[in-house]
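User: I am new to this structure. Please take a close look at one part of it, then say how its surroundings are arranged, and explain the terms as you go.

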Amino acid sequence: MLQLGQLLERFKGLTNTEKEKKQIIVEIFKKNNIPININQINISKNTIFIKTQPIIRTEIMLKKEEIFKEIQKTPSLLNILYII
């Protein structure tokens, strides 16, 4: 039988607030050399909406798979399905 601590270990990295999720997303974009700030991100119905310049949007689309894989590795962002 598993100990309670072992069961709760999988929830260790979860965050609840919208601001924390946005900050994690900003950090993921920074790792991929895409300059996005927290005010440009909106999360609604498991979708990330990004309001930015067309040239940055193009760069996001080119690196979309890499970014999406990193987002899916983050426990608090597992339910994200799309980046628009």
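Analyst: A crossing is called left-handed if the near helix is turned anticlockwise from the far one by less than a right angle, and right-handed if clockwise. This is a predicted model, in which local features need pLDDT of at least 70 and side-chain atom pairs count only at pLDDT 80 or more, while totals for chains, interfaces and linings use all residues. Residues are numbered from 1 along each chain as its sequence is written, and side-chain values use heavy atoms, without hydrogens or water.

The part examined here is the packing of helix 2 against helix 4. Helix 2 covers residues 18–31 and helix 4 covers residues 64–73 (helices are DSSP runs of H or I with at least four residues, strands are runs of E with at least two, and both are numbered from the N terminus). Their axes lie 10 Å apart and form an angle of about 140° (axes are lines fitted to C-alpha atoms over the stretch in contact, and angles run from 0 to 180 degrees between N-to-C directions). Helix 2 and helix 4 are therefore oblique to each other (under 35 degrees is roughly parallel, over 145 roughly antiparallel, 65 to 115 roughly perpendicular, and the rest oblique). The crossing of the two helices is right-handed.

Which residues meet there? On the side of helix 2 they are Ile28, Phe29 and Lys31, and on the side of helix 4 they are Ile67, Glu70 and Ile71 (contact means heavy atoms within 4.5 Å). By class, this contact has 4 nonpolar and 2 charged residues, and no polar ones (Ala, Val, Leu, Ile, Met, Phe, Trp, Tyr, Cys and Pro are nonpolar, Asp, Glu, Lys and Arg charged, and the others, Gly among them, polar).

Phe29 also leads to strand 2, where Ile50 lies. Apart from neighbours within four places in sequence, Ile50 is in contact with Phe29, Ile36, Gln40, Arg57, Ile60, Ile83 and Ile84. Ile60, one of these partners, is 10 residues from Ile50 along the chain, and the C-alpha atoms of the two are separated by 9.5 Å. Ile50 has a relative accessible area of 4%, so it is buried (buried is under 20%, exposed over 50%, and partly exposed in between, with a 1.4 Å probe and protein chains only).

Helix 2 is followed by a loop to strand 1, and Ile38 lies in that loop. Leaving out residues up to four places away in sequence, Ile38 touches Lys19, Lys22, Gln23 and Val26. Between Ile38 and Lys22 there are 16 positions in sequence, with a C-alpha to C-alpha distance of 5.9 Å. Ile38 is partly exposed because its relative accessible area is 22%.

The loop between strand 1 (41–44) and strand 2 (47–50) holds Lys45, and Asn46 lies in that loop too. Most residues other than glycine have a negative phi. Lys45, not a glycine, has a positive phi of about 50°, and Asn46 has a positive phi near 60°. Lys45 is exposed because its relative accessibility is 77%, whereas Asn46, at 31%, is partly exposed.

As for the whole protein, it has 4 helices and 3 strands, in the order α-α-β-β-α-α-β from the N terminus. Of its 84 residues, 30% are buried. Among contacts with a separation of 6 or more, 48% join residues 24 or more positions apart.
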